[in-house]
Amino acid sequence: MELKFKLDVEFEEKSADGRDVRCIVTQEGNKFISNQTAKKDGVKSTEVVREFIGDEMIQKSKVVGSNIVNTLTFKKCPEKPSELGPAKPGKNSTQRFTSAF
C-alpha cells in the first residue's frame with residue numbers, strides 16, 4: 001500500500017478497509033497523525049498515529065468515539081532479506097513487513 005499526500009492538506013481516499021473518507025495528515029515531531037473522516041453517515045471515522053523511533057514504526061489506529069485501539073509495530077527490514085530471521089507470532093508480537101519508511 002502506498003499513500004501520497006501533502007501535510008496539512010485535506011484529500012479524499014479509500015481506506016485500507018474500503019471506507020470512503022476525507023483525510024488530513026499532520027506532523028508532530030516524529031509522528032504522522034492521519035485523521036480519516038467517513039463520508040457516509042453511520043460509517044466509523046479513524047485516527048491513525050504513526051510514530052518513528054529508531055528502526056521501528058509504531059502505528060496506533062483508533063476508532064473515533066470509542067475506546068477501540070489497535071497497535072502494530074513495524075521493524076525496518078535489513079538490506080538483505082536473509083538477515084530477517086523467522087517471525088515469532090504471539091500476543092503482542094512484533095510483525096515484520098518488508099517496507100521502506
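Lys62 is found in strand E5, which covers residues 56-63. This is a predicted model, and Lys62 is a useful place to enter it. Is Lys62 buried, exposed or partly exposed? Its relative accessibility is 35%, so Lys62 counts as partly exposed. Lys62 also has partners elsewhere in the chain. Leaving aside residues up to four places away in sequence, Lys62 touches Ser45, Thr46, Glu47, Ile68 and Val69. Take Thr46 from that list. Thr46 and Lys62 are 16 residues apart along the chain, and their C-alpha atoms are separated by 5.5 Å.

Now step back to the whole chain. The protein chain has six strands and zero helices. Read from the N terminus on, its elements run β-β-β-β-β-β. The chain has 101 residues, and 22% of them count as buried. Its accessible surface comes to about 7600 Å². Carbon and sulfur atoms account for 50% of that surface. Consider next the contacts between residues at least 6 apart in sequence: 8% of these join residues at least 24 apart.

The strand pairing can be followed from E1. Strand E1 spans residues 11-14 and strand E2 spans residues 20-28. The two pair in the antiparallel sense, over four bridges. One residue pair shows the register: Glu13 has Val21 in E2 as its bridge partner. Five residues lie between E1 and E2, and the two strands form a hairpin. Gly18 sits in the turn, with a positive phi of about 90 degrees.

E2 then pairs onward. How many bridges join E2 to E3? Eight bridges do, and the two strands run antiparallel. Val21 appears again here, with Ala38 in E3 as its bridge partner. Val21 is thus bridged to Glu13 and to Ala38. E2 and E3 also form a hairpin, this one with two residues between the strands. Gly29 lies in its turn and has a positive phi of about 60 degrees.

Turn to the aromatic side chains. A pair of aromatic rings is described by the distance of the centres and the angle of the planes. The structure holds three aromatic pairs. In one of them, Phe5 and Phe11 are stacked, at 6.4 Å centre to centre with 10 degrees between the planes. The two partners differ in burial. Phe5 has 33% relative accessibility, so Phe5 counts as partly exposed. Phe11 has 16% relative accessibility, so Phe11 counts as buried.

Another pair has a contrasting geometry. The ring centres of Phe32 and Phe52 are 5.9 Å apart and their planes stand at 85 degrees, so this pair is edge-to-face. The pair links distant parts of the chain. Phe32 is in strand E3, residues 31-38, and Phe52 is in strand E4, residues 46-53. The two are 20 residues apart. Phe32 is partly exposed, with a relative accessible area of 26%. Phe52 is also partly exposed, at 25% relative accessibility. What do these four rings form? Phe5, Phe11, Phe32 and Phe52 form one aromatic cluster.

Phe5 leads on from the cluster to the surface. Leu3, Phe5 and Leu7 form a nonpolar patch there. Together they have about 210 Å² of accessible area. Leu7 lies in the segment before E1. With 33% relative accessibility, Leu7 counts as partly exposed. Phe5 therefore belongs both to the aromatic cluster and to the nonpolar surface patch, and counts as partly exposed at 33% relative accessibility.

Methods
Residues numbered from 1 in each chain as written. Predicted model: local features only at pLDDT ≥ 70, side-chain atom pairs only at ≥ 80, totals over all residues. Heavy atoms only, no water. Phe/Tyr/Trp six-rings, centres within 6.5 Å; stacked < 30°, edge-to-face > 60°. Buried < 20%, exposed > 50% of the residue type's maximum accessible area, 1.4 Å probe, protein only. Pairing = 2+ DSSP bridges. Contact = heavy atoms within 4.5 Å. Patch = residues over 30% accessible without salt bridge, like charges linked within 9 Å, V, L, I, M, F, W, Y side chains within 5 Å. Areas by Shrake-Rupley, 256 points an atom, 1.4 Å probe, with all protein chains shown as cover. Salt bridge = Lys/Arg side-chain N within 4 Å of Asp/Glu carboxyl O.
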